[in-house]
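Me: I would like a close look at one part of this structure, the side-chain pairings in chain A. Please go through the rings and the charged pairs, and then say how the chain meets its neighbour.

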Amino acid sequence: MKVKDLRDLLGEHAFFQGFDRPALELMAGCAANEHFEAGALDAREGDAADKFYIIRHGQVSIEIPVPARGRLIVQTLHEGDVFDWSWIVPPYRWAFDARADTLVRMVSLDARCLRQKMDSNHELGYHLFERFVHVMASRIKAARLQLLDLYGPAS
Amino acid sequence: MLPRPFRVIRVKRELSDTVTLTLEPVNGEPLAFRPGQFTMLYAFGIGEIPISISGDPADPRQLVHTIRGVGAVSQALTAAKPGMMVGVRGPFGSAWPLEEATGSDVVLVAGGIGLAPLRPAIHRVLANRRQFGTVAILYGARTPEDILFRRELQAWRGRFDTSVHVIVDRVSGSWGGAVGVVTDLIAKGGFDRHHAVAMICGPEVMMRYAVQALHERGVASDRIHLSLERNMKCAIGLCGHCQLAGNFVCRDGPVFRYDRIEDIINVWEL
């Protein structure tokens with residue numbers, strides 16, 4: 001039985017579809033397999049966003065702690081999703097908290113390592129930015145729809 | 001067209017502002033209908049409104065409507081007690097394209113109370129499950145407390161041949177499910193884009209973005225159907241209240257194939 005290497009895992013993930021083998025190998029050099037038990041906190045608002053993750057299994061909640069209201073979940077991410085974009089936007093700090101709702105298996109990519117590779121390989125950088133712009137646009141669109149409170153009481 | 005008298009025989013409170021009324025005719029035949037059609041419900045002395053039929057088309061003896069109390073008539077109907085009489089005209093309008101969907105994957109996308117007009121189609125599809133490919137029910141609600149037909153969603157999810165995904169806009173307290181918008185569920189796919197028929201019902205803004213998400217997944221406009229809501233009065237295409245360009249929503253809709261209305265659906269003056 002062949003154990004999948006990190007390049008294979010990246011290549012199978014929807015986010016990395018279209019990257020050729022050399023690019024996947026380049027990024028796999030920054031990658032590691034990680035897993036979190038349910039309840040583990042993966043990121044805390046304001047801390048250094050020194051990684052980003054691709055989710056292979058499980059559910060991650062994006063949360064905002066609000067005084068007197070507790071932790072408000074604004075979105076959940078699942079298998080096939082990317083968490084998150086803070087590593088690519090200066091000052092590279094998590095914008096939100098994140099928590100594993102279930103056992104979560106992810107591939108992490110070291111942000112500093114990947115940013116250096118993007119600086120020296122602009123084609124890689126362009127294609128990663130292109131994908132992250134899509135992720136950010138999807139989340140802005142979703143957030144705006146949530147703000148509309150479409151299913152709320154008729155005004 | 002005079003309304004026929006029906007008696008309320010059962011009232012089920014679904015949510016704080018939403019009830020399901022089961023009606024039976026006082027005399028005459030039961031009301032056969034096609035999934036997606038609506039009736040005009042008359043609260044005597046108050047007024048008449050269009051309400052989609054939410055029951056099982058295989059059992060027309062019971063006429064079922066799920067109603068959210070938002071105006072004078074709908075609030076009177078949601079306050080109904082067993083034994084109350086209501087007037088019924090119909091059924092009216094076009095239906096979900098279930099014959100056309102035979103042999104295809106079926107993607108049912110609902111938001112909020114939009115699950116009610118889709119429920120007859122879900123009943124019909126699940127009763128004839130072998131005629132369809134993958135069946136996906138994608139439902140978005142405001143909060144976990146606003147999930148309509150919760151037990152049925154759980155039962156449908158419990159089948160081994162149907163995919164059911166529920167997502168809520170916002171959450172407080174314990175909720176282990178997904179948070180986000182229903183378009184997130186479409187983006188996950190799980191159906192054959194070339195052989196899927198999508199049926200969408202919910203607030204119009206939600207439906208527009210659901211269509212976008214389906215387009216991004218490669219589903220063509222002529223395989224997407226949605227149910228529109230407009231102010232209706234006569235329900236037979238005479239009064240013009242529900243006119244949408246060259247269509248009357250009561251007569252030509254409420255279910256429209258998207259490619260037939262995509263040029264006018266985004267014109268906000270219409």
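Reply: What follows goes through the ring pairs, a helix, the salt bridges and the contact with chain B. The model is a predicted one.

Rings first. Over all chains, the count is 12 aromatic pairs. One of them is formed by A:Y53 and A:F83, whose ring centres are 5.7 Å apart, with 10° between the planes, and this pair is stacked. A:Y53 belongs to strand β3 (residues 51–57) of chain A and A:F83 to strand β6 (residues 82–83) of chain A; at 30 residues apart, the two link distant parts of the chain. Both A:Y53 and A:F83 are buried.

A second pair has another geometry. The planes of A:W87 and A:F132 stand at 70° with the ring centres 5.3 Å apart, so this pair is edge-to-face; the angle required for that label is over 60 degrees. A:W87 is in the loop between β6 and β7 (97–100) of chain A, while A:F132 is in helix α4 (residues 122–148) of chain A, so the pair ties together parts 45 residues apart in sequence. A:W87 is buried, and A:F132 is buried as well.

A:W87 and A:F132 also belong to a cluster linked by ring pairs, together with A:F15, A:F16, A:F19 and A:F52. One ring of that cluster, A:F19, has a charge over it: the charged end of A:R131 lies 4.1 Å from the ring centre. In chain B, B:R119 lies over the face of B:F149, with 4.0 Å to the ring centre.

Next, helix α3 (residues 111–120) of chain A. Its buried residues are A:A111, A:C113, A:L114, A:R115, A:K117 and A:M118. These buried residues of α3(A) pack against four elements of chain A, namely α2 (21–28), β3, β8 (104–110) and α4. The N-terminal end of α3(A) is capped by A:D110, which has a side-chain oxygen 3.2 Å from the backbone nitrogen of A:R112.

Now the charged pairs. Side chains of opposite charge can pair when their charged atoms come close. Over all chains, a search of the whole structure finds 22 salt bridges. Among them is the one between A:R7 and A:E25, where the closest N and O atoms are 2.8 Å apart. A:R7 sits in helix α1 (residues 6–12) of chain A and A:E25 in helix α2 of chain A, 18 residues apart, so the bridge links distant parts of the chain. A:R7 has 15% relative accessibility and therefore counts as buried. A:E25, with a relative accessible area of 42%, is partly exposed.

A:R71 and A:D97 form another salt bridge, with 2.7 Å from N to O. Here strand β5 (residues 70–77) of chain A supplies A:R71 and strand β7 of chain A supplies A:D97, with the two positions 26 residues apart in the chain. The two ends are classed by accessibility: at 33%, A:R71 counts as partly exposed, whereas at 2%, A:D97 counts as buried.

A third bridge joins A:R139 and A:D84 at 2.8 Å, N to O. A:R139 is in helix α4 of chain A, and A:D84 is in the loop between β6 and β7 of chain A, 55 residues apart. Both A:R139 and A:D84 are buried. Elsewhere, salt bridges with shared partners join A:D5, A:R7, A:D8, A:R21 and A:E25 into one network.

Last, the contact with chain B. The size of an interface is often given as the accessible area lost when the parts come together. Between chain B and chain A, the buried area is about 1,900 Å², and carbon and sulfur atoms give 55% of that. Chain B contributes 26 residues to the contact and chain A contributes 20 residues. Four salt bridges are counted between chain B and chain A. One between B:K188 and A:D81 has an N to O distance of 2.7 Å. The count of residue pairs in polar contact between chain B and chain A, both at pLDDT 80 or more, is 11.

On the side of chain B that touches chain A, at least two residues each come from β8 (135–141), β10 (178–179), α5 (182–187) and α6 (204–216) of chain B. The largest share of that side, five residues, is supplied by α6(B).

Note on methods
Residues numbered from 1 in each chain as written. Chains lettered and ligands numbered in written order. Heavy atoms only, no water. Phe/Tyr/Trp six-rings, centres within 6.5 Å; stacked < 30°, edge-to-face > 60°. Buried < 20%, exposed > 50% of the residue type's maximum accessible area, 1.4 Å probe, protein only. Lys NZ or Arg CZ within 6 Å of the ring centre and 35° of its normal. Contact = heavy atoms within 4.5 Å. Polar contact = N/O pair within 3.5 Å; in protein donor to acceptor, adjacent residues only side chain to side chain. Buried area = accessible area lost by both parts, 1.4 Å probe. Salt bridge = Lys/Arg side-chain N within 4 Å of Asp/Glu carboxyl O.
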